[in-house]
Amino acid sequence: MPAKTFEHDPDAMILNLFYEDKDDRWFPGDRHLRRMARRLLLGEPRMSGQLRVFLNLCAGLDRLGIRYRVNDYGYIARHPEELACIVGRTFLLDKFAWKNPILLGVAAHNHPLDDLDLFKRLPVKKVVVPGPWYVDMYRPYWPETEAWPVGIDTDLWAPSQASQKAVDVLIYDKVHWDRERFAPELIEPVRARLRKEGRSFAELRYGSYKEEDYQAALAASRAMIFLCQNESQGIAYQQALSCGVPVFAWDPGGPWRDPDYYPHRVQFAPVSSVPYWDERCGAKFVDVAGFEAGWDDFWEGCAAGVFDPRGYVLDSLTLEQRALQYYEIARSIVRQPAASQAPANPVDGRSMGLSHDLELPRRHQVS
């Protein structure tokens, strides 16, 4: 979807966005000192997934010309009738005496058990989570939950020239639960198969690289093997798709195995490591046997150019499309009486169409 500027609408809503990455720990303002100290000791911090969500939402709103304020607590206190969009994090819920209706998420709770009385305790009207299986897990506790994936910057994450493709495969390693089991059972057999075939490969492990490292690795790679137990959205593999890199994804399914919850507090299934996906993206496998059986077809498909991963992202996950969906969710809360609100169906990778007849204001970010 190309960038679009909408004609001015005097009735259009200005979004009130709230996002803070760190809370004060010992005294007011110490989060700024802690950030400076970390920068001096460890260098520039890596981009967190939560911050990337917030920045991409703002970038999409900018492209559409949808106006917004950021962390304007003074304004929101003077206008308790206006919607507060708390993108994250959860400490913001207790930082301010919220009287406003609240749209919460996505950088918020891991599970409703973290705050079962949320909708009674605060004027929360709707929660957004990154993907459809997360909706299914949340709704028995919080019925007013909807899926909203943030958009991908398709200009920044763009295909490289064929002459740059010096590496056959990038292995993206996000195996963190039961790693002592899956390192020998899955990761090493993947490496062994590539070595046996003489395929060149590089590896990146989640949490140990900066965005520019990942961009460079994707630019040099012909395909990616994505190893992750589950993803709520999966921004990293979607950035690969946007770069035109087909993905062979480990998608084991089964229960949500977060050890803070499973199996003693939460038993939910099925999950997915690639919740937004269709056949253009590449191929999936469930276990190492599935990898061995499916690898040849996937690699031949890459060589033959049968996949169109970037086309999938352009059709469904651009900055503009997802920012417009967020705006529509926010506007629906304001315009619909609370008693008549009904939970929307979770979005999926094949049917995320939006109405494009909205009259939105020209670009104007309010400080």
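Good morning. Two strands are said to pair if DSSP finds at least two bridges between them. With that in mind, please look at β10 and β11 in this predicted model. These two strands pair in the parallel sense, over 4 bridges. One of the residues to find is V247, whose bridge partner in β11 is G282.

Let us widen the view to the sheet that holds this pair. It is an open sheet of 5 strands, in the order β8-β7-β9-β10-β11, and its pairing is parallel. Which strands stand at the edges? They are β8, residues 201-205, and β11; each has a single partner strand, so one side of each is left without a neighbour in the sheet. On average, neighbouring strands of this sheet are turned by 15° against each other, direction ignored.

Two helices deserve mention here. Helix α8 lies across β7, β8 and β9, and runs at about 125° to β9. Helix α10, residues 288-304, lies across β7, β9, β10 and β11, at about 150° to β9.

I now turn to the other sheet. This open sheet has 6 strands, ordered β2-β1-β3-β4-β5-β6, again with parallel pairing. At its edges stand β2, residues 68-70, and β6, residues 145-147; since each has a single partner strand, one side of each lacks a neighbour in the sheet. The twist from one strand to the next averages 25°.

Within this sheet, β1, which covers residues 15-19, runs parallel to β2 and is joined to it by 3 bridges. Here N16 stands opposite R69 in β2. Helix α12, residues 319-335, packs on the sheet and touches β1, β3, β4, β5 and β6; the direction of α12 makes about 150° with that of β4. Helix α2 lies across β1, β2, β3 and β4, and runs at about 160° to β1.

Helix α2 also leads us to the next topic, the largest pocket, because α2 is among the elements that each supply at least two residues of its lining. The others are β4, β5, α6, β7, α8 and α9. The volume of this pocket is about 1,300 Å³. Of the 45 residues that line the pocket, which are the closest to its centre? They are G49, Q50, K174, Y206 and S232. By class, the lining has 23 nonpolar, 14 polar and 8 charged residues.

Finally, some details of the backbone. As a general rule, most residues other than glycine have a negative phi, and most peptide bonds are trans. Where does this model depart from that rule? N71 is not a glycine, yet has a positive phi of about 55°. N71 lies in the loop between β2 and α3. Its relative accessibility is 25%, so N71 counts as partly exposed, a class that runs from 20% to 50%. D178, likewise not a glycine, also has a positive phi of about 55°. D178 is placed in the loop between β7 and α7, and at 38% relative accessibility D178 counts as partly exposed.

As for the peptide bonds, the one from G88 to R89 is cis, with omega near -5°. R89 is found in the loop between β3 and α4. The peptide bond from Y262 to P263 is also cis, with omega near 0°. P263 lies in the loop between β10 and β11, which returns us to the pair of strands that pair over 4 bridges. Thank you for your attention.

Conventions: Residues numbered from 1 in each chain as written. Predicted model: local features only at pLDDT ≥ 70, side-chain atom pairs only at ≥ 80, totals over all residues. Heavy atoms only, no water. 1 Å grid on protein atoms, 1.4 Å probe; cavity = no way out; pocket = protein on both sides within 12 Å on 5 of 7 lines; lining within 4 Å. Points joined across faces, edges and corners; volume = space filled by probe spheres on them. Nonpolar A, V, L, I, M, F, W, Y, C, P; charged D, E, K, R; others polar. Axes fitted to C-alpha atoms, helices over the stretch in contact; angles between N-to-C directions. Contact = heavy atoms within 4.5 Å. Buried < 20%, exposed > 50% of the residue type's maximum accessible area, 1.4 Å probe, protein only.
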